[in-house]
Amino acid sequence: MNLEHLSRELRRIETEVSRVLVGQESLVEHVLVGLVARGHVLIEGVPGLGKTLLVRALGRVLGLSFRRIQFTPDLMPSDITGSTLYSQKLGEFSFVPGPVFTELLLADEVNRAPAKTQSALLEAMQERSVTTDGVTRPLSEPFLVLATQNPIESQGTYPLPEAQLDRFLLKLEVGHPSQAAEAQILLNYVAGFDPGELSHLQQVSSQASIVEMQRSLGEIHIAREIIDYVTDIVRRTRNHPSVSLGASPRASIGLLNVARAHALWEGREFVIPDDVKSYAHAVLRHRLQLQPDAELEGITADHCVDSVLRDAIVPKTSA
Amino acid sequence: MAGAARLGLVALFALVCLPSVALADPGDAPPAWQSLPPAAGSGVEHPDEAEADEPGEESGAPLDPFKVVPPASVEGSLSRVLSGPDVSFCKAEQATGRHDPLLCSLSHLSSRQRCPGLRQACSNQPVEVGPSSSSGSLQSKLAQLGNLTFWLVLAGLVVAVGLALKRVFADAEFAPADPRKRTSPSPAEAALVARHVVETDVARLWALAEESALGARFEEAVAALQGALIHALRLSGKLHVSPAQTNGDYLRALRPEPSLHGPAREVFRAVEAVQFGGAPASRELYRQLLERVQPIVARVLSLLLLCAFGFGQSGCSKSLAGDPEAGGHGLGVLTQLLREQHTTVRRRIRALNVIEPEVSAILVVGEQPSEAWAKLLEFAAGGGMLVVSQSSEELAKATSVHYSADSYTGRLQVPPGFESNQLELSAVARHALEFGTGAVAHERTFALAEKKAYVAERSYGAGNVLYFGDDEFLANASLSVGDNAFFVVSLLRRNGQVLELVGPWTGGGSSSTFASLFKAGLGTLLAQLALLAVLFGWHGGTAFGLRKDPIAVRRRAFRDHVLALGENYRRARATRFALASYGSWLIERLRDRLSPQQPIGLIDLAGRMAGRVEQPESELVLLLSEARDAQDDFATARSSPADLSTLEKLETLTVRAGGSK
């Protein structure tokens, strides 16, 4: 395994995607790290920031299949997983796969579907397989769900329960691009850029390569001190006074995996505290349930993670 | 390199402390009993021991004192002293003779004037600046630079402390208002923090790195090198270091400085590979890191040394620039000449209550109180030699020797009977000695000014009193003329014994501790040490305890709890239920308050409330009806945020109607 080679490939993917998705380099990096860590990503941001474009561009650059589901209140589980239909031609029932049978899935506005439908998707995300009519069908490998939700509108939404949120490896908050990036977007538009037409993007990776990256994570060395650091951070979220429900052991595992993936991103064969710290917010923010009065006072999960990181002692520090 | 670091620290200490002490102004009265030995290795041709142990001194017989000291020895010492850096009046640039009639008179009395600068200054002629003068000028400029640096550093320190305080307060403001975030750490956390004790001193880290490398513990060595780098950057103000910060945080902070960012990144990467990646730490790696870290750490140490130089210069600047003992009227030359003739000269700070037995002679400078004269005369009567150059009532009464006013400028004569009666002595005499009647064991006159005794010795008890007509005869300018120096040294030399200078500085008490410190010349030194302590404490000190904000206990209103509860209901989509439960309770409370005697319906309740809270009755009826309806349909109706709004209005209404109690 050549980690440097894989790291360079990841960087090439980022560069290629950034050709069309301007000013969101950090988002691209986080999504790719999530993909390598075999996790799913929940993206929270207002419409119009290029979330769909990101997934489409990723599909194109990675050479992966891409599907999109627009979640609505009347969406049914079978609309996601697929259903068994009777074929008059064949004279038998046959399974028609739903959009979940893809490699990259964009679940747009996931909080607009009722809990039953959400659960169907989330179960598929966790098990990486779909069971219908007693038959379990595995999903593609790799399988990455990018779910989005709008933080502004709350009318007619079905917020994801905390237990379901835990199934997302990362929760990313997308902000507006900088002025320079926005100017570049306009310049691209003036020059004739069409978001629906991405044929000019080059495929710089492949399904096999992504799978190899995912498998190579196991070879990234993790020192005992790093494991202690991760558990210390997660434990502190449970003891935090503003948090009623802290991060779960699944969060610890997720944080460790993400740290490994980030080490791979950096071309390193080992994890350092920076890998953990730089992804702590993304891994933990959606897993913390705050005290009601803390919420009333405007304290957010990010504030709590900040506080935890301020107190957690970095291993082998010189300070 | 650890040796270099230690050397740097020693140099820092030397720069800070030693100049303040060793070069302190003699006028600032050094500590009591300060005794400096003769200059070592000065190349002086001292008389040998046999010569020093002359029989006349041992027996106390009145032998010719001018036969004891070789004139060449005194001449050599005098040349050295007058050309040295500590004698300012002899330097052309610093000579102020033209404004001092005494010095100018002396400069013309003899052809053997050893201070040409003084004579030129008196004759108002242009002066050639020699190497020693330029050296003095350089020292003076250095002193000014030192003073300037000192005040700049002091001002910078004050500003830095102000900024640090501001940052502390700013941090306090930035911290989230949640007081629960600052609760005391749990015992486990406290234990973890207590275990987390790391070295933060750059020099010690550097020494640790070298020691570990010598012991082939390269993992520890590279970690110590990284620590030295981080704390060197902290000392230079580039980094804010805390246990919760990673190397990545430090690199982000160093981004604006590419010259530091690059080397630091390489060091961090290499050390992380050892610490977290299991890479072996080798001597080669240690050497590579050393090359990266060394320039940065050296730069910081240089900065500290520069600061120390500023401090040190401030301590010695006064000595370099304006030492009164180095002027024409000072006693610096006499002191040094006597020291070179094996005589220990020291200033007496302590009172004269007990005079130590090793003191064989006391030179009195200036006026003394009567109690002091009593002790001095007691000393002389006990066998010591008292040297006086000024009249005093007590002295005249005890010895019958008076100082009469005189005015004579010119050569002094050595009376017959001395082998060296051809000495060329010159003085600006203002007094002459008059001896009263009375039996004395012996009496000798060593110099005459126009046939009047000018320098004489008279026995007093078991000792002697040596009289000089004027104190100026012993001054630096006088000793630079003719054979005055040889004459005076011959009379005052105490081979291997102690001569004390008693003057205004003797027995002077201080009104306070601070005055005492400053009087002893320690004020500047202590101020420097205090500033350094503050500096080190601020940069590298270890906190005595965990800093934590006081826990602000804020009483939360019941209304807040209700709102929080409502928020929970909203998230559970059960706001209708909340309205039904809490609304009915509030309606009952309103009924109790407005109609305690008998139950009333909602219409009547709304009417009574309208009169009390001055709101339209129709609105109140709608509000109460909505709350009442929730009791019936909370199981079937869909929850909506409007329920909480209704509940809030009802609660506000209850408060305005007098509260729920």
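**Exercise 1. Lay out the open seven-strand sheet of chain B and find its edges.**

Solution. The order of the seven strands in this open sheet is β1-β9-β2-β3-β8-β7-β6 of chain B, and the pairing is mixed. This is a predicted model. Now look at the two ends. β1 (344-347) and β6 (443-449) of chain B each have a single partner strand, so one side of each has no neighbour in the sheet. Last, the twist: from one strand to the next it averages 20 degrees.

**Exercise 2. Work out how β3 of chain B is paired and covered.**

Solution. Step one is the pairing. Strands β2 (residues 359-364) and β3 (residues 385-388) of chain B run parallel and are joined by three bridges. Step two is the register. B:L363 sits opposite B:V387, and B:I362 has B:L386 as its bridge partner. Step three is the faces. In a regular strand, side chains alternate between the two faces of the sheet. In β3(B), B:M385 and B:V387 lie on one side, B:L386 and B:V388 on the other, and all are buried. Both faces of β3(B) are therefore covered. Step four is a helix packed on the sheet. Helix α15 (residues 370-381) of chain B lies across β2, β3, β7 (452-460) and β8 (463-468) of chain B. Its angle to β8(B) is about 120 degrees.

**Exercise 3. Locate the largest nonpolar core and say what builds it.**

Solution. Begin with the chain. Chain A has 13 helices and eleven strands, and 44% of its 319 residues are buried. In soluble globular proteins, nonpolar side chains tend to be buried together. The largest nonpolar core holds 92 residues, and A:L255, A:V258 and A:V283 have the most contacts inside it. Its largest share, nine residues, comes from α10(A). Domain 1 (1-204) and domain 2 (220-319) of chain A each give this core at least three residues. Take A:V258 as a sample. Leaving out residues up to four places away in sequence, A:V258 touches A:V33, A:A37, A:L169, A:L170, A:Y279 and A:V283. Another core, of 70 residues, lies apart from the largest one and includes B:L377, B:A380, B:F446 and B:V455.

**Exercise 4. Place A:R250 and describe its surroundings.**

Solution. A:R250 belongs to helix α10 (residues 249-265) of chain A. With 14 other C-beta atoms within 10 Å, A:R250 is partly exposed. Now check across the sequence. A:D166 is 84 residues away along the chain, but the C-alpha atoms of A:R250 and A:D166 are separated by 7.7 Å.

**Exercise 5. Pick out the unusual backbone geometry.**

Solution. Most residues other than glycine have a negative phi, and most peptide bonds are trans. Check three loops against that.

- The peptide bond from A:E141 to A:P142 is cis, with omega near 5 degrees. A:P142 is in the loop between β7 (135-138) and β8 (144-149) of chain A.
- A:R128 has a positive phi, near 60 degrees. A:R128 lies between α5 (115-127) and β6 (129-132) of chain A, and is partly exposed.
- B:K451 has a positive phi, near 70 degrees. The loop between β6 and β7 of chain B holds B:K451, which is exposed, with 9 other C-beta atoms within 10 Å.

**Exercise 6. Describe the side of chain B that touches chain A.**

Solution. Count first: 33 residues of chain B contact 32 residues of chain A. Then find the helices. α10 (218-235), α11 (247-254), α12 (258-275) and α21 (558-571) of chain B each supply at least two residues to this side. Finally, sort by type. The chain B side has twelve nonpolar, 14 polar and seven charged residues.

Technical notes
Residues numbered from 1 in each chain as written. Chains lettered and ligands numbered in written order. Predicted model: local features only at pLDDT ≥ 70, side-chain atom pairs only at ≥ 80, totals over all residues. Contact = placed C-beta atoms within 7 Å. Helix = DSSP H or I, 4+ residues; strand = E, 2+ residues; numbered from the N terminus. Nonpolar A, V, L, I, M, F, W, Y, C, P; charged D, E, K, R; others polar. Buried ≥ 20, exposed ≤ 12 C-beta atoms within 10 Å, placed from the backbone. Core = buried A, V, L, I, M, F, W, Y, C linked by C-beta atoms within 7 Å. Domains from an automatic or database assignment. Pairing = 2+ DSSP bridges. Axes fitted to C-alpha atoms, helices over the stretch in contact; angles between N-to-C directions.
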